[in-house]
Amino acid sequence: MDENKYNDLTNPEENENKDFEALNEESLETQAEIEQEQEQTEENDNHRPAVSKKKRKKMPVLLRMLIIFLVSALLAVLIIFGFKDIYGLEFSSIEEKDVYIERGSSSAQIAQTLYESDIIDLPLLFRVYCKFGDTEGFQYGYHTFSKNMSYADITKELKRLVKKDDVVEITVIEGWNLYDIAKELKEKGVISDINEFTKAVERMAVEYEFIKDVPANKYRYYKYEGYFYPDKYEFYVGTDDYEGIAKKFFANFVKHMDSEIKDAVKNSEYSFDEILTIASLIQAEAGNVNHMGRVSSVFHNRLNSTMFPNLQSDVTINYVERAIKPSIAYEYQELYDAYNTYKRQGLMPGPICNPTKEAIRAALFPDKTNYYYFVTDNTGKYYYSTTYAQHLKNCNTAQRVNASLED
């Protein structure tokens, strides 16, 4: 047996004392280490930069002060602009304008019209003013406003009876082109110069839905052809407010583009302007609504076929002769050819007339046929065919009908 072990067994008290001393020493060492760590931690804390509690307290306060300042400044600006708009404190502009208020316009529509005419700056505030003010008896027609008029003066003017004799009604016939419309406006005394009107419309920056996306094309003769919706309109005689007249047409156009048309355009392979171009062909070729779907099928079948790259529609040649040549002072064969669907392939640079909603729907939802040709006689009867041979027979039939009508 090991001697040390024997000693351990024979002297238990001595061994216990030794173990206690060892444990005590170990405890002291541990205590010393803990105290040393605490001293080190305190020393580190003393040398740590004082970021501190002050900054953490000050940042939210500064941020709140900044937000309060910005909100106060914004409210002050709104109050100043609102006060200025309500009381018409625009001393730099006293120019008077004739603004047309549509029959049956709501206060929201009147506010928008005044805003677009640069009479007021805050249409929402004007609507609120009208809601709590006396707005009974607003009169439609042309009213005279200026930028420095207060809301009270504006509402007073809106109640003033205006001369209805100064307002004329213009009826835009389905299939009219812009030149036709300009001639009618001049004949009724609304504008004084056809070319000045069409040029002013050409230069306009339009923000209306659909119309703002009209593509640029150097061969497009009238940029906004197709967007002057066929309908009845009232205009002030002798106004010569070319842009105001055009905006009235555009607003009516957008109003007629319902959700069905908008959704169909999204699902179409064509852009809205291309659909409108097809619709103009349908409108010019099919005055009868009952034939629009079938006429549309002929154009769609040709557009989707490699065998018939040309649309071959006579109405495109008529557009060159009736709308372009009378308003142009020189020969421009490239422009003429761009609209001639016997020479060019595919669609023209733009619409050739102003179609109705029915024609636009027909362009979006053509009938399902295998026709590539059609012809009409003077009684308004349509003859459709798939082959050129059938088309020639139909043409002969139509000519015989026309000849019999002359006898």
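A pocket here is an open set of grid points where a 1.4 Å probe fits, with protein on both sides within 12 Å along at least five of seven lines. With that in hand, here's a quick tour of two pockets in this predicted model. The largest pocket comes in at about 1,300 Å³, while the second largest holds about 390 Å³ of space.

**The largest pocket**

- Its lining takes in 38 residues, and Glu-102, Thr-113, Lys-247, Lys-248 and Ala-251 are the ones nearest the centre.
- Four elements put two or more residues into that lining: strands E1 (96-101) and E4 (232-236), plus helices H4 (107-116) and H9 (242-256).
- H9 has the largest share of the lining, with nine residues.
- Sorted by class, you get 16 charged, 13 nonpolar and nine polar residues around the largest pocket.

**The second largest pocket**

- Here 17 residues make up the lining, and those nearest the centre are Gln-312, Asp-314, Tyr-342, Phe-374 and His-391.
- Helices H12 (292-303), H13 (314-324) and H16 (388-406) each chip in at least two lining residues, and so does strand E5 (373-376).
- E5 gives the most to this lining, with four residues.
- The class count for the second largest pocket is ten nonpolar, four polar and three charged residues.

How values were computed: Residues are numbered from 1 along each chain as its sequence is written. This is a predicted model: local features need pLDDT of at least 70, side-chain atom pairs count only at pLDDT 80 or more; totals for chains, interfaces and linings use all residues. Side-chain values use heavy atoms; hydrogens and water are left out. On a 1 Å grid over the protein atoms alone, a cavity is a set of points where a 1.4 Å probe fits but cannot get out, and a pocket is an open set with protein on both sides within 12 Å along at least five of seven lines; lining residues have an atom within 4 Å of a point. Grid points are joined across faces, edges and corners, and a volume is the space filled by probe spheres set on the points. Ala, Val, Leu, Ile, Met, Phe, Trp, Tyr, Cys and Pro count as nonpolar, Asp, Glu, Lys and Arg as charged, and the others, Gly among them, as polar.
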